[in-house]
Amino acid sequence: MATVAALRKVTKRFPGIVALDGVSLEFHAGEIHVLLGENGAGKSTLVGLLAGMQQPEEGEILIGGKPERIDSPRRSMDLGIGAVFQQILLVPSLTVIENLMLGGSWLRPLARAAALRRFTELSALLGVSLDPDARVSGMSLGEQQQVEIMRALWRGEKLLLLDEPTSMLTPQGVADLGRMMRRLREQGVALILITHKLLEAYEFGDRISVLRLGRVAGEIDPERLRTLSEAERTEAVIRMMFGEPAGEGEPAVEGEAPREGHAPREGHEKEVAILLGRKLHDAHAGNRSAPAILSVRDLSTTPDFTETALHEVSFDLWAGEVLGIAGVDGNGQKHLAEALAGQRPLRQGRITVAGTDVTQGRVPERRQCGIRYVTDDRLGEGTVGTLSVAINFLLKEIGAPPYWRHGIVDWDLIHRDAREKILRNDVRTPSEFTPIGKLSGGNIQKVLLARELDAEANVAILNKPTYGLDLQNQRLALDRIGAAAARGVAVIVISTDLDELLEISDRIGVMFQGRLAGIVDNDDAAPDKVRRLMTGAAA
Amino acid sequence: MTAREPGEGAAMTAGEGGAGATATVLRVLVPVVLALIAGGLILLVLGKDPLDYYGFVLQRSLLRWGGAQETLTRMAPLLLIAAGLIVAFRAGIWNLGGDGQFLLAAVASAALAPVLSEVLPRGPVLILCMMAGALVGVLWSLIPALLKARYGINEIITTLMMSFLGTSLANVLIKLVLYDPNTTVPQTRSLAVEDRLPRLFGTSIHCGLLLAVLAVILVHLMMTRTAFGLKLQVLGANRAAAIHAGFRVERLTVVAFAISAGLIGLAGAVEVLGVWGSVRADWNPALGLLVVPLVFLARLNGYAVIGFTLFFSALMVGGETAARRVGVPQHYVLVLVALLLLFLALVEYLDQSRRKRMAMKA
């Protein structure tokens, strides 16, 4: 089989870390090559190198057998390499065909006829039917991703990189994407699929490579993959991800029969559960005999430019209960969180906490009642990146005693307490004076969780609490949420990752177009019911 | 000037200093020296002797006692404006309407002072007039402040527009309403020299300078030591975080605007009550925009701004005479300021990339 692209002993360093360390990989035509690995394993750096956004420091990249210097995204596209990233990078106010023509030369006039020819060609290739003159802002996320793929293939279709393409799609969208990938494979395109979900890797992948700490930890080739059962595949992958260093020689796919079928490596059961999307739910079961601690009635907000507004959302929440909020991104989740936290004005509705009406209260009053909110935008909203870790611990308490008396600050006390909080919450930071923007996402999230899940919390809203974290920090965040619920905090977890919600929730509500489409108990039938609700159908 | 938010950059909080102090001083001194050298080269190209020019500047503005007094007097309004700008910029607000706020406040206090002097003793008159100046400054900032707080309308545009309106209105007031009929050139009634701000220890420096230094120190303490100052810093660095943390962002915006414009208005009043005694039509020193680069050179640090103001004030006082003597245009001083900004940015850039390289090695 023809090798489309190859990496030879490629090394790339960033300040403080080696992102890729002597990585050699080959990508073949007509093959879907899955790259598995935790965050920070080097997957994104690899994409960046092939997409021309970064250059390797050592080693070389071969395209079609020839060493190439991919020094710009344009060069990458000219070589027939296309990349689709996690976020949609289209201009919403332009039409499909306009977005596709954007990459052209500065001075040459736009050639619409030629562009339309290419558009038709790619539509046939992908098996999709899009209106070239439809405005992107009116399209579903799945359709927008199809446009992204077209743009990636616009100047040639040798190699297509897909970086966690399923994370924002509905089940139907994932199925469509799978169909497209298989079509491209039949046309001889080499595909690289980056994911951290094992089941996806099995479903779509012909070849699986595992990256760990910047190195190739092992590879399962197509013949091998076909002969292995699902349990054996899992065992092999887990070993590569967590097990003995399988760097040299043959990767650790040979093997003793998996112990007790599925049994994962010792000490990694929880990470494996996340990888497999298996349920690990131990119900905290809120105490339903007492009255609901949070009661929301007919909550509506005013639409703004980007986010979907709420329409008459009502639900009750009991102490110690975890309510998951599922739904495709942008169906009103953000407004729900902000409206509850008190940072977004309500159009109508009523919110009561432990029997007290807090509808009129803003953030400080809501915090007084024990409402806490961990935002999904850690650096853009949750913290001030240029200010110190110590200040960010107290961001929502500025001016409050004992740290401020009569409005005058006591820096010594703040920094002393911050040191203690840093130790207690295992925040990895050079010091309490370090600007928080310099910390990793996982450590910033530790600060936010410590700030919000404090002793006085009654109701905690967490918006995508594990988004962008590596497995260890995902685990840690979920553990802290579980611990808070066990303490009696009523928890709302908003996430687009259904597996995660199935793991930690007692009940799961689904947001669809600003409405709470339904709430289902987290039992065996829940996944199907939730998926149906996500598409707007009744449960 | 870059387009970044003014509130960005190193935060002014406790825990800095120590070993970093030398580096900070160097980061300021190196660009100053480079700017003076580059400015000298320009003079050489023009066929003038740079040492002559700098010598005249130094002699006129600092070495001669009379010149030094003039330099220090010139600092008073600059410092007050700088204090006002620090508050606004720290809160992420581009108050570029300083000229209008300054001039209207100057006209208000110039009109009020002679009238009040007829009925009240000097102390109360001066205090009332300074308060009036500050108040007029605040009033003139209200429209941009409310538009920004309520509708998020860009204050760069609104403050600049209000500044044009303000300077024009000041002129209109002098020419139509407040003019002194006993003079040929339209100007307000003059405040008698003995009724102006008291001089310090028999010098020609008026006590507005003390007031200005005090204001800068108070602003610095407010920004570094109080909850209010920290809230303004949060607002300036990340508006979404300020909303998230539950600050009353609209109120903070209006208050920061008011403090800023009030201090600039105070500058106008002090300049009139201490130096001029009246305002002539078409008088506009345009200090509001001149101080903006100084404040950024000082990285919004109150103490550093005192040094830069002294430097700039000396250049202004000495530059006029020196330019005449050496035979270069008077605005050559502005060339020096521009060079200074350029080199400051350059040194900053080099310093940053050096640190990045060091981080790579570590």
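**Exercise 1. Confidence**

What is the mean pLDDT of chain A, and what share of its residues reach 70 or more? Then do chain B.

Solution. This is a predicted model. Start with chain A: its mean pLDDT is 84, and 89% of its residues reach 70 or more. Next, find the weak stretch. Over residues 245–265 of chain A the pLDDT is below 50, although the stretch has 37 contacts beyond near neighbours in sequence. Where pLDDT is low, the predicted coordinates should not be read in detail.

Now turn to chain B. The mean there is 86, with 93% of residues at 70 or more. Residues 1–19 of chain B fall below 50, and this stretch has 32 contacts beyond near neighbours in sequence. Go element by element. Confidence in chain B is highest in helix α10 (residues 249–276), at 95, and lowest in α13(B), at a mean of 80. Finish with the complex: the predictor gives an ipTM of 0.81 and a pTM of 0.76.

**Exercise 2. The build of chain B**

How many helices and strands does chain B have? Then check its radius of gyration against that of a compact globule.

Solution. Count the elements: 13 helices and zero strands. Then take the spans. Along its principal axes, the C-alpha trace of chain B covers about 75 × 60 × 35 Å. Apply the globule rule. A compact globule of 362 residues would have a radius of gyration near 21 Å, and chain B has 21 Å, so the two agree. Look inside: 46% of the 362 residues in chain B are buried. Last, sort the contacts in chain B between residues at least 6 apart in sequence: 80% join residues at least 24 apart.

**Exercise 3. Where the chains touch**

Which element gives the most to the side of chain B that touches chain A?

Solution. Begin with the residues: 24 of chain B are in contact with 29 of chain A. Then list the elements of chain B that give two or more residues to this side. They are α8 (227–237), α9 (239–244) and α13 (332–361). Of the elements, α8(B) gives the most, with six residues. Finally, sort the side of chain B by residue type: 13 nonpolar, seven polar and four charged.

**Exercise 4. A loop residue**

Is N238(B) buried or exposed?

Solution. Place the residue: N238(B) sits in the loop between α8 and α9 of chain B. Count its neighbours. N238(B) has 27 other C-beta atoms within 10 Å, so it is buried, since the cut-off is 20 or more. Now pick a residue far along the chain. A91(B) is 147 residues from N238(B) in sequence, yet their C-alpha atoms are 9.5 Å apart.

**Exercise 5. A covered strand**

How many of the residues of β20(A) are buried? Then name the strands paired with β20(A).

Solution. Strand β20 (residues 490–494) of chain A has five of its five residues buried. In a regular strand the side chains alternate between the two faces of the sheet. Split β20(A) that way: A490(A), I492(A) and I494(A) lie on one side, V491(A) and V493(A) on the other, and both faces are covered.

Next, follow the bridges. Strand β13 (residues 322–326) of chain A runs parallel to β20(A), with four bridges. Here I325(A) stands opposite I494(A). Strand β19 (residues 459–463) of chain A is also parallel to β20(A), with five bridges. A460(A) has V491(A) as its bridge partner. Close with the connection: β19(A), helix α17 (residues 471–486) of chain A and β20(A) form a right-handed β-α-β unit.

Definitions and conventions:
Residues are numbered from 1 along each chain as its sequence is written. Chains are lettered from A and ligands numbered from 1 in the order in which they are written. pLDDT is the predictor's confidence in each residue, from 0 to 100. Two residues are in contact if their C-beta atoms, placed from the backbone, lie within 7 Å. Ala, Val, Leu, Ile, Met, Phe, Trp, Tyr, Cys and Pro count as nonpolar, Asp, Glu, Lys and Arg as charged, and the others, Gly among them, as polar. The radius of gyration is taken over C-alpha atoms; the globule rule is 2.2 Å times the number of residues to the power 0.38. A residue is buried if 20 or more other C-beta atoms lie within 10 Å of its own, exposed if 12 or fewer, and partly exposed in between; C-beta atoms are placed from the backbone. Two strands pair if DSSP finds at least two bridges between them. A crossover is right-handed if, with the strands pointing away from the viewer, the path from the first strand over the helix to the second runs clockwise.
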